[in-house]
Structures are given as structure tokens and as C-alpha cells.
Amino acid sequence: MKILLLTHAFNSLSQRLHIELKQRGHRVSVEFDINDAVTAQAVDKFQPELIVAPFLKRAIPESIWRHHTCLIVHPGIKGDRGPSALDWAILNGEPEWGVTVLQANAEMDAGDIWASINFPMRDASKASLYRNEVTEAALRGVLQAVDNMEQPGFVPEPLDYDRTDVKGRLRPLMQQADRRIDWQRDDSATVLRKIRSADGFPGVCDWIFGQEVMLYDAHPTEGLSGEPGALLGHSGQAICRATVDGAVWIGHLRDKNGAHPFKLPATQVLHHLLADLPEINAGYSDIRYEERGRVGYLHFPFYNGAMSTDQCQRLREAYCAARQRDTRVIVLMGGPDFWSNGIHLNTIEAAESPADESWANINAINDLAREIITTGSHLTVSALQGNAGAGGVFLARAADYVWARGGVVLNPHYKDMGNLYGSEYWTYLLPKRVGAERARLITQARLPMGTGEGCELGLLDDYFGGDNRQFLDQLQQRATALAEDADFDRLLADKVATREADEREKPLDEYRREELERMNLNFYGFDPSYHVARYNFVYKVAKSRTPITIAQHRDITRRAEDDWSQAS
Ligand code: COA
């Protein structure tokens, strides 16, 4: 079937649908919802049999939904309507939520229902629920709807509030007033719900010592309390604020009126206050190590998967410490939502010299990658619970094995960031696993990749488990089995021998030098593309057109091929 994904942005959910629909043999093209004329042009060029809208901020024009079946993915249960579906579900503490696939018509979110999938809610941020439960339910719903499309005589269900299974209702856009924190009254659970309902967007607006900031990345604390609303101290990158029954950690802030009005670590935004705040020892940490049997698990749930210079350096130290332990396998866990998205573009943007900070950050991530690649004492595994992008994918590949949760999305390319060349020893790691020609295709295609394709190409070694729980259970069994493998010594010896042979053929330093020579041009050269692309990314400048890599219908060569194959 020819399916057009009409979307505000090619976000994680749209990328997942793109992967899964293509894998099932559908022809999928993408158009960003820029304006009605552009949408009409896309529909005219592509002539889709179905239009799916995974993430829209405006209504589909009537001229389109009247003549084409347009299915909207709404992140709400049957009958739920409005632009703040998940926000309300989190704030109201709904035990169960869902995704409904409904047909576009004149009334927003009130069209006939093609599929509706519910899931149990989890204590997590809106973005985390969106990337996990919502994405899985949306995929199931869209696949069901596509099947229904192919059934002659299928009639979608009209929205009828008299039905007992229609439990949602129309809710307005959530305002800041709806989730404003009352530090004198709200308990920790309420504060967490309020912040999570707005995380990643728009954040909860709050005041800290007279400074207006948006709050993100909230976590519970243990054993900390104080005067409600008081800042108790800082730990790592987070600040700790007291509630009526304890306290919460807040890891990220956005000072929308400041010089850098984008998300940054809380301690960076409030650096001028830190001298007066106590440091809380053994408080909040974004790196955690645990051991089970002869396996060490290194967790690094960095917010949004972005790895700053400081985080890379601390992670490298933690990795080196893990390597000193009497274990056999080290599992690099990343975080539950992302494994890694490479260097931290926000802290780079906020630096006095973004070029210097880019240089420091790429060198810090390379130092980490090098430690992993040259580990001779352990077998290493990258365990991708969540998505990985750009340098994050290649950093994962630095380990001996890369195992992913089924459904994880990889973006193994750098070029979208202003033609960034990339480093992390990718010129060694990628061709070694997938071959030179495939390496070239992967990095040039700039397309998201699913776990199936990742395994076929050799970028991943395996994938398993449909959700995080299943993935973690199986991961532990597999990592333990690897550590106890009767052949462990031989596996380790083979790995060391291969590394030595590779080093003789071409030293790692040489790969790094060549990559950094190109990166140096990206950071310091005449072409400002990387700096412009990073600015646009960090400031979320809306894209003015859909990249040709995903807008098949705008790719003249491909259309000519299609016309030819249809004619012959
Ligand atoms: N640095 C800082 N923030 C990053 C980041 C990075 N490297 N990668 C992602 N983020 C942030 C985004 O700004 C976004 O922030 P928000 O919470 O304010 O919305 C959030 O993480 C989620 O990213 P988003 O782009 O919405 O997710 P996605 O699933 O749609 O796309 C990627 C995933 C990886 C394709 C996309 O995030 C990306 O291109 N990231 C940049 C990768 C990169 O070029 N890294 C540097 C070179 S190594």
C-alpha cells in the first residue's frame, strides 16, 4: 500500500512507523506538515492510498480528508480529545491510558475509530511514556488500521459517548496554571506528577530565588527533607528541593529569559547560587554501577541521551573502575529511554566557544570509546534499552556485542547535523562489522533503522524482548551465560588477538587522527554548516521542507523509476 506519513516532525514515533510499515512491504513517504499547500502538493505527487498522521499540531485540511482516508494517531483512550492528552493522563494519575487511531473529519479527534489500544501507566515522564508505551500501542493500532483498510466492507466505529468502553472526554490545552507547583502544599508524588506531565515539553514554570525557570527531569529522593520549597542542596547536575513530605531532585532547567534559553543541567543554570548551597554527598547520580554474579552493569541514564564532556569523562572513570573488578563481563546499559545520542549539543551551544567545547566533547567521548575498544580483561556488551543516534550508535558498537530491545530505533549517521563527519572511531568500527560498502550506504542514507535491519546488516548482534521488562530479564540471563560460558577464555583470547592484529594493520590512533582532522574542519573551518545545524536543533527551529531522504515523492530519480516500472 502507498502510505503517506503526514507529520509535524520525523520524531521517534514517526520513525518507528516508517521502519515497520516499510518492513511489511508498504511504500512509505513522509511529508512535514508545513502548510496546506505543501501538504496538497505532496498528496498530489505521491497519490497515497492511505495518509497516517502520527504527530500533528494542526488539523488536516478538508480538501484532503474529504478525498483520502486520513488516520490520526491520538495519544489517548477512546473518546479522549484535545491537544494535552498525555499531560492530563499523567497529572490525573490515570492507571490506564491508550492510543486511538481515528479518521480525520471536520471535528478535531472526533472521527470514526479504526483501532484503540490501552496500556497500563507507569511513573515516568511524558516523553518516556511517549517513546515506549505510546509508540508500541500506536504501532499496533496503525498496523490494525492498515489491516482493516485491506478488509473489504470494514466499517470504523463512530465515536459514541453512550458506549461503556468510551471513557475519555474532550479536555482543553493544559495551561501552566493547571500544573503550577504549590511548594507549601504539594507532596513529592504530586510535584513529580506535575513535572513529568510537562517533560520534555513545555516544562513546569517555577521560581527559584526570583529566577523564572522551567523544570524537567524530576526524580524522587530518599531520606531528604526540609522547609517546603527550600533548596536543600545539589548533587551531580541536580538540585534538591523540599516538598511537604520529603524532597525531589530536579536534573534539568530551562531559563527561558536567559542567554541560553534551552534545557541545561540544573547546576549549570543555577551556577551563581551553588556557592551558598551545600553539596549532598551520595545523593543524585546519573551514573550507577551494580554487579550480579560475574557481570558488572554500568547504567548511564543521561537526560535525552546527550553526553557532555563532563559526563563522558565521569563515565570513562566509572568504566575503568568497573574494569578493575573481578568480573568477566561489563554491560553498558545506557538509560531506559536512550542509550546515547552522542555529544551534548545543548552544553556545546551554551559554551563560550562552541567550537572548543565541541572539540573537548568529541575527544572525551573518543577517550571513552577507546577504553571500551581496547578492553582486554572483559567481554563487553552494549545493551540498548532505548534508541541511539549519531555518535551514540558507534559508541555502542565499541563493545564486543550490541544487543537491543526489539523496537529500538537507530540513527547511525551524522550528516544531518550540518554534514558533521563524526568520530568515535566509526571509520574503524562500522566497516569492520558491516563491510565498507554497507558502511558507506548506512552513513549516506541518513535513515532511521529498526532492530531487524540492524541485525541483518551486522550493526547489532541480536535483539529481543518487546518491552523493557522482558529485555532486562533476558539480558541478565544472556550476560550471565556469557560470563559463565565454558569458552569464555577462548572468546577473550580471540578478541585480544583480533584487536592486536587490527592495531598492527592500522593503529586506532590513526583512525582517530583522520576523523578528527575532518571534525576540526567542521568545528573550525570556513563552512559554518555544523554550527548552523546545531543552533537550529537546539533552538528547535522548525524545518522548512521535508528532507529528500524521507520524502520519496519529491525524489525525482525515484519517481522516474516508479513511472518507468508502472509503465512497463
Ligand atoms: N544533544 C542534546 N540534546 C539532544 C541530543 C544531543 N546530542 N540528541 C537529542 N537531544 C534532545 C532533543 O533536543 C530533544 O529534546 P527535548 O526533550 O527538548 O525535546 C530530545 O533529546 C529528544 O530528541 P528528538 O530529536 O526529539 O528525538 P527523536 O527520537 O525524534 O530523534 C535523533 C532522535 C537522534 C535522530 C535526534 O535527536 C538527533 O538528531 N539528535 C542529534 C544527534 C547528533 O547529531 N549528535 C551529535 C553528533 S554525535
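How does the radius of gyration of the protein agree with that of a compact globule of 568 residues?

**Figure 1. The whole protein, a predicted model.** A compact globule with 568 residues would have a radius of gyration near 24 Å. The protein has 24 Å, so the two agree. Its C-alpha atoms fill a box of roughly 70 × 65 × 55 Å along the principal axes. The chain forms 20 helices and 21 strands. Of the 568 residues, 56% count as buried. Take the contacts between residues at least 6 apart in sequence: 69% of them join residues at least 24 apart.

**Figure 2. The surface and the charges of the protein.** About 24,900 Å² of the protein is exposed. Carbon and sulfur atoms supply 49% of that area. The protein carries 63 positive and 79 negative charges. The mean positions of these two sets are 2 Å apart.

**Figure 3. Ser-308 and its contacts.** Ser-308 sits in the loop between strand 14 (295-299) and helix 9 (309-323). Is Ser-308 buried or exposed? Its relative accessible area is 5%, and buried means under 20%, so Ser-308 is buried. Which residues does Ser-308 touch, leaving aside neighbours within four places in sequence? They are Gln-237, His-344, Thr-347 and Asn-361.

**Figure 4. Asn-304, in the loop between strand 14 and helix 9.** Asn-304 is a residue other than glycine, yet its phi is positive, near 60°. Asn-304 counts as partly exposed, because its relative accessibility is 33%. Ser-308 lies in the loop between strand 14 and helix 9 as well, but Ser-308 is buried.

**Figure 5. Asn-419, another asparagine with positive phi.** Asn-419 is found between strand 20 (410-411) and helix 13 (426-434), in the loop. Its phi is about 60°, although Asn-419 is not a glycine. Is Asn-419 buried or partly exposed? With a relative accessible area of 40%, Asn-419 is partly exposed.

**Figure 6. Cis peptide bonds at Gly-200 and Pro-202.** Follow the chain from helix 7 (188-196) towards strand 7 (204-208); Gly-200 is in the loop between them. Pro-202 lies in the loop between helix 7 and strand 7 too. What is the form of the peptide bond from Asp-199 to Gly-200? That bond is cis, with omega near 5°. The peptide bond from Phe-201 to Pro-202 is also cis, and here omega is near 0°.

**Figure 7. Two buried cysteines, Cys-70 and Cys-205.** Cys-70 has a relative accessible area of 1% and is buried. For Cys-205 the value is 7%, and Cys-205 is buried as well. How many disulfides does the protein have, if a pair of cysteine sulfur atoms must lie within 2.5 Å? The count comes to zero.

**Figure 8. Asn-520 in helix 18.** Helix 18 spans residues 508-524, and Asn-520 is part of that helix. Why does Asn-520 count as partly exposed? Its relative accessibility is 31%, and partly exposed means between the 20% limit for buried and the 50% limit for exposed. Beyond its neighbours within four places in sequence, Asn-520 is in contact with Trp-359 and Gly-525. Now look across to Pro-120. Asn-520 and Pro-120 are 400 residues apart in sequence. In space, their C-alpha atoms are 48 Å apart.

How values were computed. Residues numbered from 1 in each chain as written. Predicted model: local features only at pLDDT ≥ 70, side-chain atom pairs only at ≥ 80, totals over all residues. Heavy atoms only, no water. Helix = DSSP H or I, 4+ residues; strand = E, 2+ residues; numbered from the N terminus. Rg over C-alpha atoms; globule rule 2.2 N^0.38 Å. Buried < 20%, exposed > 50% of the residue type's maximum accessible area, 1.4 Å probe, protein only. Contact = heavy atoms within 4.5 Å. Areas by Shrake-Rupley, 256 points an atom, 1.4 Å probe, with all protein chains shown as cover. Lys, Arg positive; Asp, Glu negative; His and termini not counted. Charge placed at Lys NZ, Arg CZ, Asp CG, Glu CD. Disulfide = S-S within 2.5 Å.
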